[in-house]
Amino acid sequence: MEEILEQIKLVLSMPETLICQCLFLPEYVRQTLIDCINFVPWLFFLYYAIELLERFFLKNIHLFIRLIRTIGPIFGVVISVIPECGYQVMVSTFYSRKMITRGTLLAFYISCSDDALPLLFMDLDKAIYILPIVIIKIVVGLLVAFLVDLVGLIAHKNTEDINAINTDLNEPACCHHRIMTVENPPYWQTHPLIHTFNMFMFTLLSLLLINCIINGFGSAEQLATFLMIDSPYQIIGTAIFGLIPNCVVSIILALLFMKNLISFPALLAGLVTVTGLGYGTLLKRLPNHKDNYFFAFMLVITALGVGYLAYIYPDIVEMLKFGLGFNQGV
């Protein structure tokens, strides 16, 4: 067994060994390539597991809808933690047909972090922030969702035949594929590869750009100062930036945090407004609709509230980093 593990380590170390020999490349380019390539196996297995879960719900779409309509916000915050924007696209479509409440849609949106969480595993010092991000976004997502529905801002009822919902699953999700992948069975096997490759390229290009800018500024500390790290103004900037309906946004936010260019409160605020392609689907489905402004407003206000709370009370974040304080001695 030890010999097998040694062989595996040898194989995994080959990309780093080869890249280190490319002395014609700048140091930051070589390090970027090493970081991204080492991350590929983890990404593939993660996205393969996600694809299996997504396929299950798509083959049992009525179960998905029943869970949404029975325990909407609770189901929303749990399923949206998974780094996949397909669920946000689906529920945006459902909302446009008045099948779910505003609160349920907000639960899906607020708890979504898109592809940011997997990237934090590239740096184990940053990976410990995954737990507080997940806990905070789930709790806040539930509170906002129940509050919005409780005050009677919306009372949507099902006006559609759920048997007809399959016709709406042709919306584009990540990698520009259609949500209803079960109509093309071989695709769910190849999509994890496509998703992994796309994430690798997005991460590689984004990290190269960030490292190039850092190199131009002279150091990460100088760039962080320019970006007003540890300033409450940075929280406002990331909260607004997160609203952009594109999967690359979450990648950039995660990489900026890993490079110590934005603070954790700023990252948290940005990830509250991140919805992957969900909000973009809503804009497409309900153009010029007043609800679009309502959701943007609620996301930004929630992001600013959460970000400033994390900024003012950092001890809460520290406690959550170690499993609610039970493992502080680790």
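A residue is taken as buried when its relative accessible area is under 20%. In this predicted model, helix α13, which spans residues 264-273, is mostly covered by that criterion, with 10 of its 10 residues buried. The run begins with F264, P265 and A266, continues through L267, L268, A269 and G270, and ends with L271, V272 and T273.

Burial also sets the scene for the nonpolar interior. In soluble globular proteins, nonpolar side chains tend to be buried together. Here the largest nonpolar core has 83 residues, and the members that touch the most others are F64, F94 and L106. Helix α15 supplies the largest share of this core, contributing 9 residues.

Aromatic contacts come next. Across the whole structure, 10 aromatic pairs are found. One of them joins F75 and F108, whose ring centres are 6.4 Å apart; with the planes at 75°, the pair is edge-to-face, because an angle over 60 degrees is counted that way. F75 belongs to helix α3 (residues 61-79) and F108 to helix α5 (residues 102-111), so the pair ties together parts that are 33 residues apart in sequence. Both partners are covered: F75 is buried at a relative accessible area of 9%, and F108 is buried at 0%.

A further pair is made by Y109 and F295. Their ring centres lie 6.2 Å apart and their planes meet at 75°, so this pair too is edge-to-face. The contact links distant parts of the chain, since Y109 sits in helix α5 and F295 in helix α15, 186 residues apart. Y109 is buried, with a relative accessible area of 0%, and F295 likewise counts as buried at 0%. Y109 and F295 are also members of one aromatic cluster, together with Y95 and F294. F294 has a charged neighbour as well: the charged end of R102 sits over its ring, 4.2 Å from the ring centre. A comparable arrangement involves K126 and F257, where the charged end of K126 sits over the ring of F257 at 4.5 Å from its centre.

Attention can now turn to the empty space. Rolling a probe the size of a water molecule over the atoms shows where empty space is left. The largest pocket has a volume of about 350 Å³. It is lined by 17 residues, and those closest to its centre are L227, F241, I252, L256 and I262. Two or more lining residues come from each of α9 (187-217), α10 (220-226), α11 (232-241) and α12 (248-258). Among the contributors, α11 gives the most, with 5 residues. The lining is made up of 13 nonpolar and 4 polar residues, with no charged residue.

The second largest pocket has a volume of about 300 Å³. Its lining consists of 15 residues, and I136, V140, V306, L309 and A310 lie nearest the centre. The elements giving two or more residues to this lining are α8 (130-150), α15 (290-312) and α16 (314-321). The most comes from α8, which provides 6 residues. By character, the lining residues divide into 13 nonpolar and 2 polar, and no charged residue is present. Helix α15 thus appears in several parts of this account: in the lining of the second largest pocket, in the largest nonpolar core, and as the location of F295 in its aromatic pair.

Some local features complete the picture. I213, located in helix α9, counts as partly exposed at 36% relative accessibility. I213 and L223 are separated by 10 residues in sequence, and their C-alpha atoms are 8.0 Å apart in space.

The loop between α10 and α11 holds two residues of backbone interest, M228 and D230. Most residues other than glycine have a negative phi. In M228, however, phi is positive, near 60°, and D230, also not a glycine, has a positive phi of about 65°. Their accessibility can be set side by side: M228 is partly exposed, with a relative accessible area of 40%, whereas D230 counts as exposed at 54%.

Note on methods:
Residues are numbered from 1 along each chain as its sequence is written. This is a predicted model: local features need pLDDT of at least 70, side-chain atom pairs count only at pLDDT 80 or more; totals for chains, interfaces and linings use all residues. Side-chain values use heavy atoms; hydrogens and water are left out. On a 1 Å grid over the protein atoms alone, a cavity is a set of points where a 1.4 Å probe fits but cannot get out, and a pocket is an open set with protein on both sides within 12 Å along at least five of seven lines; lining residues have an atom within 4 Å of a point. Grid points are joined across faces, edges and corners, and a volume is the space filled by probe spheres set on the points. Helices (H or I, at least four residues) and strands (E, at least two) are DSSP runs, numbered from the N terminus. Ala, Val, Leu, Ile, Met, Phe, Trp, Tyr, Cys and Pro count as nonpolar, Asp, Glu, Lys and Arg as charged, and the others, Gly among them, as polar. A nonpolar core is a set of buried Ala, Val, Leu, Ile, Met, Phe, Trp, Tyr and Cys residues joined through side-chain atoms within 4.5 Å. Buried means under 20% relative accessible area, exposed over 50%, partly exposed in between (1.4 Å probe, protein chains only). Rings of Phe, Tyr and Trp (its six-membered ring) pair if their centres lie within 6.5 Å; planes under 30 degrees apart count as stacked, over 60 as edge-to-face and the rest as tilted. A charge sits over a ring if NZ of Lys or CZ of Arg is within 6 Å of the ring centre and within 35 degrees of the ring normal.
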